[in-house]
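I sat down with this one at my desk and kept notes as I went. Here is what I looked up, entry by entry.

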Amino acid sequence: MSRTQPVPVLTIDGPSGSGKGTISRRVAEQLGWRLLDSGALYRAVGYAAGAEGLDLSDADAVTRCAQTTKIRFQAAADGGETRVIVNGHDATDELRTETAGAAASAIASIPSVRQALVDLQLGFRKSPGLVADGRDMGTVIFPDAPFKVFLTASAAERAKRRYKQLKEKGLNVTLAALQREIEARDERDASRKVAPLRPAEDAVLVDTTGMPIEVVVARVFAVVQPR
């Protein structure tokens with residue numbers, strides 16, 4: 001690709017539980033584009049920091065961890081969920097827990113950690129195109145992306161989705177506690193000084209509350225390939 005024709009990017013941003021992961025995977029498959037799960041990168045660093053016994057409020061230590069942690073995505077042999085390999089360990093299941101999510105949110109507020117992961121994220125922009133799933137993909141990482149979507153849903157709806165996912169994995173969780181955690185994370189992500197969670201000015205807003213996955217996928221797909 002020349003400089004005048006950069007690799008196209010579709011950014012899909014939104015709060016926790018808005019359906020970004022599922023929608024991004026399905027749209028990327030339909031387009032035949034690469035996929036970047038930026039949240040998994042932050043979760044991976046949080047996981048690695050925890051494995052080293054680091055204090056997540058120690059910015060210097062966590063930044064060094066972000067700079068040295070080896071992260072790669074590996075397609076599942078059965079065509080299922082993409083595996084995330086952290087320092088040689090398949091940490092996919094651990095990264096999907098609420099603990100990992102809270103750790104990711106905590107370290108994402110550290111400017112030096114975010115900077116350490118910028119180049120890694122930019123490196124995913126390769127032909128034929130990229131679907132980038134996260135919280136600041138359209139505002140910070142790929143502000144020049146020609147296609148941008150911001151997904152949202154009510155906190156109650158997002159808590160129900162997470163509850164269903166976690167119960168299916170056999171985890172002991174309560175709906176009320178999940179909703180409190182989601183609301184607290186929303187507040188943290190929206191109020192942080194560095195790359196706060198907000199839609200890009202040119203993003204298409206899609207409220208997924210009560211909307212079937214297939215309908216959301218069609219709405220997002222239409223942003224890239226309008227009829």
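**Entry 1: charged pairs**

I began with Arg83, which forms a salt bridge with Asp93, the closest N and O atoms being 3.9 Å apart. This pair links distant parts of the chain, with Arg83 in strand β4 and Asp93 in helix α4 (residues 92-95), 10 residues apart. I checked the surroundings of Arg83 too: the residue counts as partly exposed, at 22% relative accessibility. A reminder to myself before going on: this is a predicted model.

How many salt bridges does the count come to? I got 13 salt bridges. I then picked out a few of them.

Next I looked at Glu214, which forms a salt bridge with Arg26, and there the closest N and O atoms are 3.8 Å apart. Glu214 lies in helix α10 (residues 213-224) and Arg26 in helix α1 (residues 20-31), so I noted that the pair links distant parts of the chain, 188 residues apart. Is Glu214 buried or exposed? I found Glu214 exposed, with a relative accessible area of 53%. Its partner Arg26 counts as partly exposed, at 36% relative accessibility.

Then I turned to Asp136 and Arg114, whose side chains meet in a salt bridge (2.4 Å, N to O). Asp136 sits in the loop between β6 and α7, Arg114 in helix α6, and the two are 22 residues apart. Here I wanted the accessibility of both partners. Asp136 counts as buried at 3% relative accessibility, and Arg114 is buried as well, with a relative accessible area of 7%.

I also traced a network: salt bridges that share partners join Arg135, Arg185, Asp189 and Arg192. A general point I jotted in the margin is that side chains of opposite charge can pair when their charged atoms come close.

**Entry 2: Arg192**

That network made me look up Arg192 by itself. Where is Arg192 found? I located Arg192 in the loop between α9 and β8 (204-207). Its relative accessibility is 9%, and the cut-off for buried is under 20%, so Arg192 counts as buried. The side chain of Arg192 makes a polar contact with the side chain of Asp189, at 3.3 Å. Not counting residues up to four places away in sequence, I listed Ala108, Arg114 and Arg135 as the residues Arg192 touches.

**Entry 3: nonpolar cores**

I moved on to the largest nonpolar core, which has 31 residues; Leu36, Val45 and Phe142 touch the most other members. Several elements each supply at least two residues of this core, among them α3 (59-68), β4 (83-86), α6 (111-122) and β6 (130-134). Which element gives the largest share? I found that α2 does, with seven residues.

For Leu36 I wrote out the contacts, leaving aside its neighbours within four places in sequence: Leu41, Gln121, Phe124, Leu130, Val131, Ala132, Asp133, Met137 and Phe142. I also noted a second, separate core of 18 residues, which includes Ala28, Phe147, Val149 and Val217.

**Entry 4: helix α10**

Val217 took me back to α10. Its 12 residues should span 16 Å at 1.5 Å a residue, and I read 17 Å between its end C-alpha atoms, which agrees. The buried residues of α10 are Val216, Val217, Val220, Phe221 and Val224. Why do they lie on the same side of α10? They cover an arc of only 130 degrees around the axis, and that puts them on the same side. I followed the packing of these buried residues and arrived at β1 (9-13), α1 and β7 (147-152).

**Entry 5: helix α8**

My last stop was α8 (residues 155-168), a helix of 14 residues that reaches 20 Å from its first C-alpha to its last, close to the 20 Å expected at 1.5 Å a residue. I listed its buried residues as Ala155, Arg158, Ala159, Arg162 and Leu166. Seen down the axis of α8, these fall within an arc of 100 degrees, so they line one face of the helix. They pack against α5 (98-107) and α9 (175-191).

What does the face turned away from the buried side carry? There I found the exposed residues Lys160, Lys164 and Glu168. I closed the page with Gly170, which follows α8 and has a positive phi, near 80 degrees.

Key. Residues numbered from 1 in each chain as written. Predicted model: local features only at pLDDT ≥ 70, side-chain atom pairs only at ≥ 80, totals over all residues. Heavy atoms only, no water. Helix = DSSP H or I, 4+ residues; strand = E, 2+ residues; numbered from the N terminus. Expected span 1.5 Å × (residues − 1). Buried < 20%, exposed > 50% of the residue type's maximum accessible area, 1.4 Å probe, protein only. Arc of directions from axis to C-beta. Contact = heavy atoms within 4.5 Å. Polar contact = N/O pair within 3.5 Å; in protein donor to acceptor, adjacent residues only side chain to side chain. Core = buried A, V, L, I, M, F, W, Y, C linked by side-chain atoms within 4.5 Å. Salt bridge = Lys/Arg side-chain N within 4 Å of Asp/Glu carboxyl O.
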